[in-house]
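Welcome! Let us take a short tour of a protein model, one feature at a time. Keep the picture beside you and look up each residue as you read.

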Amino acid sequence: INNLLQKYQRVTNFFIFAFEICYPSNQINMKRVIGLSALLIIYATAFVAGIFLFMLFERLGVNEYIAILLADVIATVIVWASGVILRTASAYDPYWSLQTLAIYLCLLFKYQNWHVGTILLLVVISLYSLRLTLNFILGFHSLKYVDWRYKMLKEKTGKFYQVVNLLGICMFPTLVVYAATLPVIAYASITTFSMLDVIGLS
C-alpha cells in the first residue's frame with residue numbers, strides 16, 4: 001500500500017510540474033488566478049454542502065444511493081447558480097471530472113475501507129480526474145472564459161438559455177456521470193479483493 005501511495009504522489013507531482021512548466025510564476029495572469037480562486041471557493045462550497053446534505057439525508061433514513069444523488073444534484077445547482085452570477089456556464093466544466101472522485105473518496109472515509117483494490121481504483125479515478133481538470137485549467141484564462149459551444153447554445157436559445165444551461169449543460173452530465181459512478185459507489189463498501197478486481201481495473 002505504501003508503494004502505491006508513493007506512486008500516486010509521484011503522479012500528482014508530475015501534473016504539478018507540468019503545470020508549472022506551462023505557466024511559470026513570472027507569467028502568472030492575475031485575472032486567471034482570481035478566476036481559478038473563485039472556482040476553488042465555489043467547488044469547496046459545493047463539496048461541503050454535498051457532504052452535509054448527504055449526512056442529513058442518511059439520518060433521515062434515505063437510501064444511500066438516493067442520498068448521494070440528491071446531494072450531487074444540489075451541489076450541481078450551487079455550481080450552476082454561481083456560474084449564472086459570474087456569467088460563465090463554464091464554471092461547471094470541471095464538475096463532471098471531479099464528481100466521481102469526490103463521491104468515491106468520501107465513501108472510502110465513511111467506510112474506512114482502505115485495501116489494495118479500493119486504493120488502486122482511487123488511483124485510476126484520480127488520474128482520470130487530474131487529467132481532465134488540468135486540461136480545463138490550462139485552457140482557462142479568466143472568468144470571462146466560456147466554452148464556444150455554450151455561446152452557440154445561448155445564441156440559439158435566447159431567453160431560455162439559463163434553463164438549457166441548468167438542465168442541459170449542468171444537470172444532464174451530472175446525471176450521466178452519477179449513473180456511471182454507481183459501480184464505484186457499490187465497490188467502496190466491498191472489503192474483499194480478487195482477480196476479478198484486477199480485470200475490472202485493467
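## A residue in a loop

We begin with Arg-87, which sits in the loop between H3 and H4. Try finding Arg-87 in the picture, and keep in mind that this is a predicted model. Arg-87 is not a glycine, yet its phi is positive, near 65°. Is Arg-87 buried or exposed? Its relative accessibility is 76%, so Arg-87 counts as exposed, the cut-off being over 50%.

A second loop holds a similar case to look up. Gln-112 lies in the loop between H4 and H5. Gln-112 has a positive phi too, about 50°, although it is not a glycine. With a relative accessible area of 53%, Gln-112 is exposed.

## The overall plan

Now step back and look at the whole chain. The protein has eight helices and zero strands. Reading from the N terminus on, its elements run α-α-α-α-α-α-α-α.

How many of the 202 residues count as buried? The share is 38%. There is also a figure for how contacts span the sequence: among contacts between residues at least 6 apart in sequence, 78% join residues at least 24 apart.

## How H2 meets H3

Two packed helices are described by the angle between their axes and the distance between the axes. Let us try this on H2 (residues 30–59) and H3 (residues 64–86). These two helices pack at an angle of about 150°, with their axes 8 Å apart. Angles over 145 degrees count as roughly antiparallel, so H2 is roughly antiparallel to H3. Their crossing is right-handed.

Which residues take part? From H2 they include Ile-42, Ala-46, Ala-49, Gly-50 and Leu-53, and from H3 they include Ala-67, Ile-68, Leu-70, Ala-71 and Ile-74. By class, the contact of H2 with H3 has 16 nonpolar, two polar and two charged residues.

## How H2 meets H4

H2 also packs against H4 (residues 95–111), here at an angle of about 45° and with the axes 12 Å apart. Is this pair parallel, antiparallel, perpendicular or oblique? H2 and H4 are oblique to each other, because 45° falls outside the ranges for the other classes. The crossing of H2 past H4 is right-handed.

On the H2 side, the contact is made by Tyr-43, Phe-47, Ile-51, Phe-54 and Glu-58. Their partners in H4 are Tyr-95, Leu-98, Ala-102, Cys-106, Leu-107 and Lys-110. Sorted by class, this contact of H2 with H4 has nine nonpolar residues, no polar ones and two charged ones. Tyr-43, Phe-54 and Glu-58 are worth a second look, as they appear in the contact with H4 and also in the contact with H3.

## How H4 meets H5

The next pair is H4 with H5 (residues 116–139), which pack at an angle of about 155° with their axes 8 Å apart. H4 and H5 are therefore roughly antiparallel to each other. H4 passes H5 in a left-handed crossing.

Among the residues in this contact are Trp-96, Leu-101, Tyr-104 and Leu-108 from H4, along with Leu-121, Ile-125, Tyr-128 and Leu-132 from H5. The residues of the contact of H4 with H5 divide into eleven nonpolar, six polar and no charged.

## Rings in pairs

A pair of aromatic rings is described by the distance of the centres and the angle of the planes. The count of aromatic pairs, with ring centres within 6.5 Å, comes to six. One of them joins Phe-136 and Tyr-145 edge-to-face, at 6.2 Å centre to centre and with 70° between the planes. Phe-136 is buried, with a relative accessible area of 10%.

Tyr-145 also pairs with Phe-140, again edge-to-face, at 6.1 Å centre to centre and 65° between the planes. Phe-140 is buried, with a relative accessible area of 4%. Elsewhere, ring pairs link Tyr-43, Tyr-92 and Tyr-95 into a cluster.

## A buried asparagine

Our last stop is Asn-165, in helix H7 (residues 161–187). Is Asn-165 buried or exposed? Asn-165 has a relative accessible area of 2%, so it counts as buried. Leaving aside residues up to four places away in sequence, Asn-165 touches Trp-80, Val-84, Ala-89 and Cys-170.

Terms used. Residues numbered from 1 in each chain as written. Predicted model: local features only at pLDDT ≥ 70, side-chain atom pairs only at ≥ 80, totals over all residues. Heavy atoms only, no water. Axes fitted to C-alpha atoms, helices over the stretch in contact; angles between N-to-C directions. Helix = DSSP H or I, 4+ residues; strand = E, 2+ residues; numbered from the N terminus. Parallel < 35°, antiparallel > 145°, perpendicular 65-115°, else oblique. Left-handed = near helix turned anticlockwise from the far one by under 90°. Contact = heavy atoms within 4.5 Å. Nonpolar A, V, L, I, M, F, W, Y, C, P; charged D, E, K, R; others polar. Phe/Tyr/Trp six-rings, centres within 6.5 Å; stacked < 30°, edge-to-face > 60°. Buried < 20%, exposed > 50% of the residue type's maximum accessible area, 1.4 Å probe, protein only.
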